[in-house]
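Welcome! Please take a look at the structure below, and then let us walk through it together.

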Amino acid sequence: DGRARMHRVIPTLSIDHGWVFERDTKLFGRDYRQSLEPRLFYVNTPYRHQEYVPNFDSAPKDFNFDSLFTENQSSGVDRVSDSNQLSAGVISRVLDPETGAEALRVGLAQRYRYSDQRVTPDGVPLSQRFSDVLVFGSTNLVQSWNFDTALQFNPDSHRIERSLAGMRYTPGPYRTVGLT
């Protein structure tokens with residue numbers, strides 16, 4: 001409509017709470033510290049009509065642990081998603097107690113929508129109540145080697161939507177070979 005400037009006010013309430021429980025343990029004859037880290041994240045952003053705002057840079061965020069615990073499901077600032085949802089997840093880590101280096105990490109996370117999400121980057125409303133389940137893990141128990149894996153499971157279709165596996169070999173400083 002030829003406007004030179006626009007503004008909008010979209011209030012958001014979010015509560016992010018996590019706990020960290022630790023214990024000392026032994027694995028493969030070595031001392032480690034194991035953590036259990038449950039996390040809950042609630043966000044409520046009311047619906048606001050945003051079609052008058054040009055969409056230059058908003059796109060759906062990739063489905064991963066970080067995006068499950070964010071207020072806006074869009075990258076960029078042109079679309080602010082309406083949300084009434086709760087994300088829940090848990091991570092367990094195995095750490096070297098002397099260096100703090102992470103030897104093993106496993107996790108699980110999912111989001112529940114209390115209402116449909118009408119503002120999305122692609123304009124298609126989301127009505128799925130339970131998001132896909134994300135299961136992930138990584139380890140570098142073997143020195144110089146790191147292994148990562150992630151699995152996205154759709155509880156409605158009972159199918160794996162996406163899986164990812166990767167490994168990295170780091171023989172020394174400034175040298176890494178990776179395969180994903």
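This report goes from the overall fold to the surface and then to the core.

## Fold and overall shape

What you see is a predicted model. The protein contains one helix and 11 strands. Following the sequence, you meet them in the pattern β-β-β-β-α-β-β-β-β-β-β-β. The protein is more spread out than a compact globule, because its radius of gyration is 20 Å, well over the 16 Å that the globule rule gives for 180 residues.

Along the principal axes, the C-alpha atoms fill a box of roughly 70 × 35 × 35 Å. If you take contacts between residues at least 6 apart in sequence, 53% of them join residues at least 24 apart.

## Surface and charges

About 11,600 Å² of the protein is exposed, and carbon and sulfur atoms supply 56% of that area. Of the 180 residues, 29% are buried.

The protein carries 21 positive and 22 negative charges, and the mean positions of these two sets are 1 Å apart.

## The largest nonpolar core

Which residues form the largest nonpolar core? Its 10 members are Phe41, Val43, Phe63, Phe65, Leu68, Phe69, Ile91, Ala109, Leu134 and Phe136. At least two residues of this core come from each of β3 (30–45), α1 (65–68) and β8 (133–139).

Phe41 is a good member to explore in the viewer. Leaving aside neighbours within four places in sequence, Phe41 is in contact with residues including Ser14, Ile15 and Asp16, with Leu68, Phe69, Thr70 and Glu71, and with Gln85, Leu86 and Ser87. Two of these partners, Leu68 and Phe69, are also listed in the core.

Notes
Residues numbered from 1 in each chain as written. Predicted model: local features only at pLDDT ≥ 70, side-chain atom pairs only at ≥ 80, totals over all residues. Heavy atoms only, no water. Helix = DSSP H or I, 4+ residues; strand = E, 2+ residues; numbered from the N terminus. Rg over C-alpha atoms; globule rule 2.2 N^0.38 Å. Buried < 20%, exposed > 50% of the residue type's maximum accessible area, 1.4 Å probe, protein only. Contact = heavy atoms within 4.5 Å. Areas by Shrake-Rupley, 256 points an atom, 1.4 Å probe, with all protein chains shown as cover. Lys, Arg positive; Asp, Glu negative; His and termini not counted. Charge placed at Lys NZ, Arg CZ, Asp CG, Glu CD. Core = buried A, V, L, I, M, F, W, Y, C linked by side-chain atoms within 4.5 Å.
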